[in-house]
Amino acid sequence: QVQLVESGGGLVQPGGSLNLSCVASGVIFSTMAWGWHRQAPGKERVLVAHITPGGMLTYADSVKGRFTISRDNFKNTVYLQMNNLKPEDTSTYYCAAAWGTTPSNPVQHWGRGTLVTVSS
């Protein structure tokens, strides 16, 4: 049974930082591409960061230079370091696993999400 469990969300002031984690089980972690998606209320879910099995990175323009995705194949964990957070980053953040290397490939497995709220 595949499980993706996110953690690290919470309330943070503008300009602050958070580090999200996603621990995976039931998959061969190192063979998959991993992404972080976010969905704000009333909006579509969008990809914000993606990492391939070989470590190639892709970011949405809205988070370039502020967010960093990384993976630890020994811990079956993918991270999203978020710096200089803005109110518009407020969303539920979802971890996702996919095959291949293209960021637009269909997601095979989703986590349940972790809420990030950026507010003073």
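**Exercise 1. Find the salt bridge that Asp61 and Lys64 make, and say whether Asp61 is buried or exposed.**

Step 1. The side chains of Asp61 and Lys64 meet in a salt bridge, at 3.1 Å from N to O. The term covers a side-chain nitrogen of Lys or Arg within 4 Å of a carboxyl oxygen of Asp or Glu. Side chains of opposite charge can pair when their charged atoms come close.

Step 2. Asp61 has 67% relative accessibility, so Asp61 counts as exposed. The cut-offs are under 20% relative accessible area for buried, over 50% for exposed, and partly exposed in between, with a 1.4 Å probe and protein chains only.

Before going on, note that this is a predicted model, in which local features need pLDDT of at least 70, side-chain atom pairs count only at pLDDT 80 or more, and totals for chains, interfaces and linings use all residues. Residues are numbered from 1 along each chain as its sequence is written, and side-chain values use heavy atoms, with hydrogens and water left out.

**Exercise 2. Work out which residues are linked with Asp89 in a network of salt bridges.**

Step 1. Count the salt bridges: there are 3.

Step 2. Take Arg38. Its side chain meets that of Asp89 at 2.9 Å, N to O. Arg38 sits in strand β4 and Asp89 in the loop between β8 and β9, 51 residues apart. Strands here are DSSP runs of E with at least two residues, numbered from the N terminus.

Step 3. Take Arg66. Its salt bridge to Asp89 spans 2.7 Å, N to O. Arg66 lies in the loop between β6 (57–59) and β7, and Asp89 in the loop between β8 and β9, so the pair ties together parts 23 residues apart in sequence.

Step 4. Join the pairs. Arg38, Arg66 and Asp89 are linked in a network of salt bridges.

Step 5. Check burial. Arg38 counts as buried because its relative accessibility is 9%. Asp89 is buried at 0%. Arg66 and Asp89 are both buried.

**Exercise 3. Locate the disulfide and state its handedness.**

Step 1. Look for cysteine sulfur atoms within 2.5 Å, the cut-off for a disulfide. The count comes to 1.

Step 2. The partners are Cys22 and Cys95, with sulfur atoms 2.2 Å apart.

Step 3. The torsion about their S-S bond is about -75°, so the disulfide is left-handed.

Step 4. Place the ends. Cys22 is in strand β3 (residues 18–25) and Cys95 in strand β9 (residues 91–98), 73 residues apart. Both cysteines are buried.

**Exercise 4. Trace the open sheet of 4 strands and name its edges.**

Step 1. The order is β1-β3-β8-β7, with antiparallel pairing. Two strands pair if DSSP finds at least two bridges between them.

Step 2. The edge strands are β1 (3–7) and β7 (67–72), each pairing on one side only.

Step 3. Zoom in on β7. Its antiparallel pairing with β8 (residues 77–82) runs over 6 bridges. Here Asp72 stands opposite Thr77 in β8.

**Exercise 5. Describe the largest nonpolar core and find which strand gives the most to it.**

Step 1. Such a core is a set of buried Ala, Val, Leu, Ile, Met, Phe, Trp, Tyr and Cys residues joined through side-chain atoms within 4.5 Å.

Step 2. The largest has 28 residues. Those with the most contacts inside it include Trp34, Trp36, Ile69 and Tyr93.

Step 3. Elements giving two or more residues include β4 (33–39), β5 (46–51) and β11 (114–118). β3 gives the most, with 4 residues.
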